[in-house]
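Reader: I should like to understand how the descriptive terms applied to a model are justified. May I put some questions on this one?

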Amino acid sequence: MKATGIIVEYNPFHNGHKYHLEKAKEQGNVVIAVMSGDYVQRGEPAIINRWSRAEMALKNGVDIVVELPVFYSCQSAEIFARGAIGILEILKVESIVFGSEEGNIEKLESILSLEETKEFKEKLLDNLKKGNSYPTSYGKALECLQGDLKLLSNDILALEYMRAIKRNKSFIKGIPLKREKVGYHEKKSCDNIMSATGIREKITKKEDYKDYIPEASNIILEKEIFEGNISFLEKYYDLIRYEILNNRDSLNEIQDIEIGYENKLYESAMKYNKFEDFYNSIISKRMTIGRVQRILIHILINLTKQITVDVKNKVPYVRVMGFNKKGQEYLRKFKEDRRIIIGLKNIQKKLSDDERILLEFNEKASIIYKMKNFYEDKKIPIMIGEEEC
């Protein structure tokens with residue numbers, strides 16, 4: 001069986017994701033989705049829990065869902081991509097279909113070649129010294145040297161997927177899929193397509209979003225909304241604030257915190273009771289919204305720089321969250337691979353001590369998520385029959 005990989009968050013699963021999935025199915029017999037767990041790349045708790053989102057994926061036609069653990073899922077684009085590509089390599093996918101603003105593999109490869117030049121590195125450094133964030137500095141350097149190679153938001157991850165494939169000397173073929181109709185963070189709609197950002201805003205405002213998601217997604221999402229099981233970053237402010245105030249001396253060990261920034265966080269946490277006031281006081285030109293939010297989640301779950309070092313170059317395990325009959329058949333060939341976890345029974349025999357500690361870290365992060373948004377956890381994968389897809 002020929003497997004194709006996709007890297008997703010499904011926060012929540014919408015019609016644009018359905019289009020992406022259909023295109024991925026054209027590349028192979030089995031589609032494997034590496035899906036962020038309870039925390040997502042932009043530095044937020046997922047709007048609904050990992051198991052409900054995995055169920056959405058399976059009922060919309062994904063064959064296998066595996067979790068991207070929090071030490072990858074809530075990280076910079078580089079580390080996010082390294083983890084996701086590493087997992088897909090273990091699962092032996094032959095290709096990966098990923099979103100891109102351009103959908104042009106030659107253009108993406110040109111950007112990768114240009115960034116290796118001395119001139120590009122100098123321009124990048126100059127822009128960083130001016131106090132710009134890394135993404136802004138990268139884009140300015142690119143535009144300065146070759147104006148027709150503009151870096152668009154959804155291409156940041158696309159480039160990191162390609163870098164990870166190249167770095168690993170991987171057998172995986174990268175296939176960019178041009179983003180259609182609406183941009184990554186655009187809140188407007190076009191026909192029946194709206195970004196996940198726009199849909200989440202509609203959910204927050206209690207506006208109708210149903211035209212933009214498949215019925216299989218809506219059934220699950222409606223239930224979570226009715227039960228009040230919706231998460232946003234501000235719901236966790238009391239926990240984040242406690243961690244900042246209680247652990248001031250060790251904040252500099254947290255992933256992504258630059259020297260001195262821990263003082264700003266502490267002073268703001270001391271001063272502000274409301275999340276909005278706290279949040280506005282800690283963002284700056286140099287610190288992108290995504291990076292600031294990731295730092296807050298890292299503080300919440302105690303994701304340190306050392307943990308990132310430990311996982312950066314080697315995937316410790318692959319946890320299967322669900323599959324259909326076709327996916328189950330594909331997974332049989334991995335029954336001797338101890339890194340692939342199908343259920344948590346006898347986990348001490350499957351993983352080394354270091355690997356088990358990382359699994360437990362991910363599960364503890366989900367327990368923290370459940371402190372504000374409770375759900376029943378699962379010890380075995382979700383299994384979907386053909387009649388449910």
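Reader: What makes residues of α2 such as Trp-51 count as buried?

Author: Buried means under 20% relative accessible area, exposed means over 50%, and partly exposed lies in between, with a 1.4 Å probe and protein chains only. In α2, the residues that meet the buried criterion are Arg-50, Trp-51, Ser-52, Arg-53, Ala-54, Met-56, Ala-57 and Leu-58. Eight of the ten residues of α2 are thus buried, and the helix is mostly covered. The model is predicted: local features need pLDDT of at least 70 and side-chain atom pairs count only at pLDDT 80 or more, while totals for chains, interfaces and linings use all residues. Residues are numbered from 1 along each chain as its sequence is written, and side-chain values use heavy atoms, leaving out hydrogens and water.

Reader: Which elements do the buried residues of α2 pack against?

Author: They pack against β2 (30–36), β5 (64–68), α10, β10 (318–324), α18 (353–370) and β12 (382–384). Contact here means heavy atoms within 4.5 Å. Helices (H or I, at least four residues) and strands (E, at least two) are DSSP runs, numbered from the N terminus.

Reader: Why are α2 and α10 called roughly antiparallel?

Author: The axes of α2 (residues 50–59) and α10 are 8 Å apart and form an angle of about 165°. Angles under 35 degrees count as roughly parallel, over 145 as roughly antiparallel, 65 to 115 as roughly perpendicular and the rest as oblique. The two helices are therefore roughly antiparallel to each other. On the α2 side, Ser-52, Glu-55, Met-56 and Lys-59 meet Ala-216, Ser-217, Ile-220, Leu-221 and Glu-224 of α10.

Reader: How do you know that Glu-222 and Lys-210 form a salt bridge?

Author: A salt bridge is a side-chain nitrogen of Lys or Arg within 4 Å of a carboxyl oxygen of Asp or Glu. For Glu-222 and Lys-210 the N to O value is 2.8 Å, so the pair satisfies the rule. Glu-222 lies in helix α10 (residues 215–226) and Lys-210 in the loop between α9 (196–204) and α10, so the pair ties together parts that are twelve residues apart in sequence. Glu-222 is partly exposed at 34%, and Lys-210 is partly exposed at 40%. By this rule, 23 salt bridges are counted.

Reader: What makes Arg-82 buried and its partner Glu-78 partly exposed?

Author: Arg-82 has a relative accessible area of 14% and is therefore buried, whereas Glu-78, at 25%, is partly exposed. Their closest N and O atoms are 3.1 Å apart, and the two residues form a salt bridge. Being four residues apart in helix α4 (residues 77–90), they are separated by about one helical turn.

Reader: Where do Glu-207 and Lys-202 stand by these rules?

Author: Their side chains meet in a salt bridge of 3.4 Å, N to O. Lys-202 is buried at 18% relative accessible area, and Glu-207 is partly exposed at 39%.

Reader: Why is α14 said to be largely enclosed by the rest of the structure?

Author: Eleven of its 13 residues are buried, so α14 is largely enclosed. Among the buried residues are Gly-290, Arg-294, His-298 and Ile-301.

Reader: How do you know what span to expect for α14?

Author: The expected span of a helix is 1.5 Å times one less than its number of residues. For the 13 residues of α14 (residues 289–301) this gives 18 Å, and the helix reaches 19 Å from its first C-alpha to its last, close to that expectation. Just after α14, Asn-302 takes a positive phi of about 65°.

Terms used:
Axes are lines fitted to C-alpha atoms, for helices over the stretch in contact, and angles run from 0 to 180 degrees between N-to-C directions.
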